[in-house]
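Work through the exercises below with the model open. Try each task before reading its solution.

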Amino acid sequence: MDQFLQHLVNAMVLGGAYALLGIGLTLIFGIMNVVNFTHGALYTFGAYAMFIASTALGLNFFVALPFSIVAGLALGAAIELTLLRPLRGADIDTTMLVMIGAGIILQSGTLWIFGGVAKAIPSPFPDAPLTLGSVSISWLRLFVLVAAAALIALAYAMINGTRLGRAMRATFQDSDAAALMGVNVRFIYTATFALGSSLAAAAGALLGPVYVVFPQMGDLAAVKAFAIVILGGLGSITGAALGGFILALAEEFGAGYVSSGYRDAMGFLIIIAVLLAKPTGLFARAERVG
Amino acid sequence: MTRYLPPAILVVLALLPLVLKDPYLLNALITGGIFTIGAISLNLLLGYTGQLSLGHIAFFGIGAYASALTTLGFDIGIFGDFRIVHEGWHPFAGFIVAILLSGACGYVVGRLSFRVRGAYFVIVTICFAEVVRLVALNWVELTQGPLALTAIPQMKIGFPGLGEITLRTKAQNYYLMLAVAALAYVVVARLVSSRFGRAMRGLKENEQLAISVGVNATRTLTVAAAISAAIAGAAGSIYAHYFRIIDPDVFLFTYTVTMVIMVVSGGKGALAGPVIGGLIFGTLPVALRPYMAPEAQWIVYGAVLIAILFLMPRGIAPYLDDWFASRRRAPARAPVAQPQLEGQP
């Protein structure tokens, strides 16, 4: 039972970051119909931005975090403006391949600049964990959980409560009708991609200090993001948030009770199982499935 | 003209080792060629059925492991005391097992994943490749995990009446690669011009319409996936016996990307596409190596992929086709010009 609670707490921390990754990806797919293969690279970018900000730039940890998120936002906007905007109307395979190309450039660029050696991001939190009964959690992980929850809530509020969010939802439902109603769809696409990218960068910036930072860290993160999004149904934000926690629970308990070697396989097995049993995802509206 | 081009290119490629003695270049050609075989098989799916499989390297890797393990032998426990012990077989048997096993895996994966299309299909295939990689990494008893399978015997080929040769030199392996590549090319060429090939293209153009005229969509796509996987498995087998070492990194996504780049740049849905793409991206690392680090080379690959999608979305082969077609039309105009020439002197 003690072990069970410990796994549950670990899963919640991981799940928060996964949910951020998943929400970013599902927004981009749902609104733009683009399968974003730069998502993993943006996650890595966020972690490296955090690394640079807190070491080379000497910023405070709590300043470095928003810095990394804004950097992700800017990079996402740049990718959308240079690569995706000219390809509007191209088929999904083309944009997918262009995104793969961009992902390769970003990842190889990171490897070229920083080298393959893993880097550690200094954390301002005390090393001694917080112990509650039989469950212990490091202060850093606790912060990650709280920050992720706050960012998820922020993204939710933005999408459901602001004018921009309403325009995004309108574009999601019918981009032509939204354009006719005066929504600047081109701007919505850029905003969506930038927002999705900043969420991926946030996930990287949060998990970077927990683990280590290395150029290939985004590969697995990207596939996990796909797993989360499929689990929740492509385009469903609530689904992605729940999917992030479900994947984290499956990984944590799979690693704890089955085999730690296959920890990362859980996500893939979930995807395969979901797609075979219920291809629309657990929480999706049926009409989104192509 | 274009009819004689493939055999002509084959002859040129076959003569290449007589001129090229540099082992480094030969090695690069063999590696590039092995991935070109993979690209030829991927083109069958991506180019002719329109299904983007980003887990194609899984079949290549399964072929490599199957061939290596068939040749090396293994001894694994399944349930408790029940063990499967396999003595090493002839390397050529490994090659055959690789083709059959990869083909069977392709069939099963196709059977399951063709229930979904588009982005879903892409993601299922990526997941499949990752799961296989994790199995190769973790099933240490069978695959040695990250320690890699080493000392894989070199390929041996027996000729009736001539005895058996072991492929030791790079040139011999080059010819094996070339023979398998040519065979893969012919198989794909015959397939796509058959009734089955028309069914595949029908599904790509308009699935609903194809189904309505009696094409069995799932069956056609599944068989295409199985054949494609079998060819990739053959490439994997050559890879295993040539490099004589394989580790779970053969399943890396970047190798799938290499094959996709070859197909897309050369021209998907064109027989020559993966060959052209393979020649370019097989030799590009050699050309770039003196000038830049491997990471920088990958940046160039990514940029080339994007540039091709922006500038030549159909790939290089269709442009060459147009060029040949315009050359064929040119002689027809010649007689019109002739009377004027006669009047000149």
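A residue is buried if 20 or more other C-beta atoms lie within 10 Å of its own, exposed if 12 or fewer, and partly exposed in between, with C-beta atoms placed from the backbone. The model is predicted: local features need pLDDT of at least 70, side-chain atom pairs count only at pLDDT 80 or more, and totals for chains, interfaces and linings use all residues. Residues are numbered from 1 along each chain as its sequence is written, and chains are lettered from A and ligands numbered from 1 in the order in which they are written.

**Exercise 1. Positive phi**

Task: Classify Arg244(B) as buried, exposed or partly exposed, and place Arg244(B) in chain B. Then do likewise for Asn33(A).

Solution.
- Step 1. Count neighbours. Arg244(B) has 15 other C-beta atoms within 10 Å, so Arg244(B) is partly exposed.
- Step 2. Place the residue. Arg244(B) sits in the loop between helix H10 (217-243) and helix H11 (253-266) of chain B. Helices (H or I, at least four residues) and strands (E, at least two) are DSSP runs, numbered from the N terminus.
- Step 3. Read the backbone. Phi of Arg244(B) is near 65 degrees, a positive value in a residue other than glycine.
- Step 4. Turn to Asn33(A). Its loop runs between helix H1 (2-32) and helix H2 (39-54) of chain A. Phi of Asn33(A) is near 55 degrees, again positive in a residue other than glycine. Asn33(A) has 18 C-beta neighbours inside 10 Å, so Asn33(A) is partly exposed.

**Exercise 2. Helix spans**

Task: Check the end-to-end distances of H12 and H1 of chain B.

Solution.
- Step 1. Set the rule. The expected span is 1.5 Å times one less than the number of residues.
- Step 2. Apply it to H12(B). Its 16 residues (273-288) should span 22 Å, and the end C-alpha atoms are 22 Å apart, which agrees.
- Step 3. Apply it to H1(B). Its 15 residues (5-19) should span 21 Å, and the end C-alpha atoms are 21 Å apart, which agrees.
- Step 4. Check burial. H1(B) is hardly covered, with 1 buried residue among its 15. In H12(B), the buried residues include Val275(B), Ile276(B) and Phe281(B).

**Exercise 3. Helix pairs**

Task: How do H5(A) and H8(A) run, roughly parallel or roughly antiparallel? Ask this also of H2(B) and H10(B).

Solution.
- Step 1. Fix the terms. Axes are lines fitted to C-alpha atoms, for helices over the stretch in contact, and angles run from 0 to 180 degrees between N-to-C directions. Angles under 35 degrees count as roughly parallel, over 145 as roughly antiparallel, 65 to 115 as roughly perpendicular and the rest as oblique.
- Step 2. Take chain A. The axes of H5(A) (139-161) and H8(A) (185-210) come within 9 Å and cross at roughly 170 degrees. The two are therefore roughly antiparallel.
- Step 3. List the contact (C-beta atoms, placed from the backbone, within 7 Å). H5(A) offers Val144(A) and Leu151(A), among others, and H8(A) offers residues including Leu199(A) and Leu206(A).
- Step 4. Sort by class. Ala, Val, Leu, Ile, Met, Phe, Trp, Tyr, Cys and Pro count as nonpolar, Asp, Glu, Lys and Arg as charged, and the others, Gly among them, as polar. This contact has 12 nonpolar, no polar and 1 charged.
- Step 5. Take chain B. The axes of H2(B) (23-49) and H10(B) come within 9 Å and cross at roughly 175 degrees. That makes H2(B) roughly antiparallel to H10(B). The contact has 18 nonpolar, 4 polar and no charged residues.

**Exercise 4. The interface**

Task: Which helix gives the most to the side of chain A that touches chain B?

Solution.
- Step 1. Size the contact. Chain A gives 34 residues and chain B gives 32 residues.
- Step 2. Name the elements. Helices H4 (92-114), H9 (217-232) and H11 (265-277) of chain A each give two or more residues.
- Step 3. Pick the top one. H4(A) gives the most, with 15 residues.
- Step 4. Sort the side of chain A. It divides into 25 nonpolar, 6 polar and 3 charged.
- Step 5. Inspect one residue. Val124(B), in helix H5 (118-138) of chain B, touches Ile271(A), Ile272(A) and Leu275(A), among others. Val124(B) has 28 C-beta neighbours inside 10 Å, so Val124(B) is buried.

**Exercise 5. Confidence**

Task: Where does pLDDT fall under 50 in chain A?

Solution.
- Step 1. Define the score. pLDDT is the predictor's confidence in each residue, from 0 to 100.
- Step 2. Read chain A. Its average is 86, and 96% of the residues score at least 70. Residues 286-290 of chain A stay under 50.
- Step 3. Read chain B. Its mean is 80, and 93% of its residues reach 70 or more. Residues 336-345 of chain B are below 50, with 0 contacts beyond near neighbours in sequence.
- Step 4. Apply caution. Where pLDDT is low, the predicted coordinates should not be read in detail.

Definitions and conventions: Two residues are in contact if their C-beta atoms, placed from the backbone, lie within 7 Å. Lists of a residue's contacts leave out its neighbours within four places in sequence.
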